[in-house]
Amino acid sequence: MSSLTDRYLAATLRAVPAARREEIATELRGSIEDMIDGRRAEGRDPATAEREVLTELGNPAQLAARYADRRLQLIGPTYYLAWERLMKLLLSFVPATVGIVVGVLEATDGENPGGAIGEGIATGLQTAIHIAFWVTLVFAVLERTNTSLNLPAWTVDQLPEDHVNRQITLVDAAAAIGWLVLVIAYLPLQHFRSFVPTDDGGNLPLLDPALWSFWLPFLMAVLAVNVGLEVAKYRAGRWTWPLVAANIVVDLAFAVPVVWLMWTDRLLNPDFVNRWEWLGREENLNTIATIVIAGTVLVVLWDIADSAIKAYRNRH
């Protein structure tokens, strides 16, 4: 674990312009060391002196704003950081969650399953707008009326453990998890609402229904494990060799069955293939299989190589 000073520097530098980070890091570290030496000269032990100095410097976000000459003010400076944290937290998952739920319900129960995606996106955007408006309004009223929230004072115990330059950002993790959740939801959904009708008006699944005996539940479980891996990657902040190994196992656990099923003509629903004259021709079906297999292999190889390269750079 890095020292409190290292963590304080990391928390401060992530919010300042990249061009000035080295200059600010040198200046700030020197100031902190001088202040700690002054307190040690007064008889304090090193750990206590370090905590006192960092507490005196205050919240790294406020210090970074001063270095960057950036005002922490939208509704007022008193509750700006509390407002910012709450907005980021709510907007990071609430709109997406509401949008996905509404989209799935619309697809399964609505009279217009084809518009389910649009309905989910529109609902997610509306939710984001409502969150931004009402949260901002509440904090504006609190600011204008000088209402005290009795928020706890900032302490060094709130310093994050991660580093200045994260390889895996919150946006990256949220996008990956969102995509995995959509794929997990689509696998059972396509069995009931594939949007391809049969001649008698029923539903024609895209994937072979026989796969529900084992392979589709297995693939959904692998994708769920992948969601957990994305969370672990974000918590670590960067690629490590254990994470690379886990990533390889998960990638192969998904890709190998998909390639094998596609190669043996077991992935697509035979009724779905026969539904389309062009797809029913053997040469065209072989072309589709080749594209799917090649695409799957290339994506897996790229993902494994990218993770290994990043982990290697972290150690050298």
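A residue is called buried here when its relative accessible area is under 20%, and exposed when that area is over 50%. By that rule Tyr80 and Trp83 are both buried. These two residues belong to a predicted model, and the account below moves from its aromatic rings to a pair of packed helices, a pocket and a few exposed residues.

**Aromatic pairs**

The model holds 7 aromatic pairs. One of them joins Tyr79 and Phe139 in an edge-to-face arrangement, with 6.5 Å from centre to centre and 65° between the planes. Tyr79 sits in the loop between helix H4 (60-67) and helix H5 (80-109), whereas Phe139 sits in helix H6 (residues 116-144), so this pair ties together parts of the chain that are 60 residues apart in sequence. Both partners are buried, Tyr79 with a relative accessible area of 9% and Phe139 with one of 8%. A further pair is formed by Tyr80 and Trp83, whose ring centres are 5.6 Å apart and whose planes meet at 45°, so that it counts as tilted. Here the two residues share helix H5 and are 3 residues apart, about one turn of the helix. Elsewhere, ring pairs link Phe214, Trp215, Phe218 and Trp260 into a cluster.

**Two packed helices**

Two packed helices are described by the angle between their axes and the distance between the axes. For H9 and H12 the angle is about 175° and the axes lie 10 Å apart. Angles over 145 degrees count as roughly antiparallel, and H9 and H12 are therefore roughly antiparallel to each other. The contact of H9 with H12 is made up of 19 nonpolar, 3 polar and 3 charged residues.

**The second largest pocket**

Rolling a probe the size of a water molecule over the atoms shows where empty space is left. The second largest pocket holds about 1,200 Å³ of such space. Its lining consists of 37 residues, and those that lie nearest its centre are Trp179, Leu180, Leu223, Phe254 and Val299. At least two lining residues come from each of helix H7 (170-192), helix H8 (215-236), helix H9 (241-263) and helix H12 (282-315). When the lining of this pocket is sorted by class, 25 residues are nonpolar, 5 are polar and 7 are charged.

**Exposed residues**

The table lists three exposed residues with their places in the chain.

| Residue | Place | Relative accessible area |
|---|---|---|
| Arg144 | helix H6 | 72% |
| Trp302 | helix H12 | 59% |
| Asp265 | loop between H9 and helix H10 (270-275) | 51% |

For Arg144, the C-alpha atom is separated by 37 Å from that of Val101, and these two residues are 43 residues apart along the chain. For Trp302, the C-alpha atom is separated by 43 Å from that of Ile32, with their positions 270 residues apart along the chain. Asp265 brings in a feature of the backbone instead. Most residues other than glycine have a negative phi. The phi of Asp265, by contrast, is near 60°, a positive value in a residue other than glycine.

Key: Residues numbered from 1 in each chain as written. Predicted model: local features only at pLDDT ≥ 70, side-chain atom pairs only at ≥ 80, totals over all residues. Heavy atoms only, no water. 1 Å grid on protein atoms, 1.4 Å probe; cavity = no way out; pocket = protein on both sides within 12 Å on 5 of 7 lines; lining within 4 Å. Points joined across faces, edges and corners; volume = space filled by probe spheres on them. Helix = DSSP H or I, 4+ residues; strand = E, 2+ residues; numbered from the N terminus. Nonpolar A, V, L, I, M, F, W, Y, C, P; charged D, E, K, R; others polar. Phe/Tyr/Trp six-rings, centres within 6.5 Å; stacked < 30°, edge-to-face > 60°. Buried < 20%, exposed > 50% of the residue type's maximum accessible area, 1.4 Å probe, protein only. Axes fitted to C-alpha atoms, helices over the stretch in contact; angles between N-to-C directions. Parallel < 35°, antiparallel > 145°, perpendicular 65-115°, else oblique.
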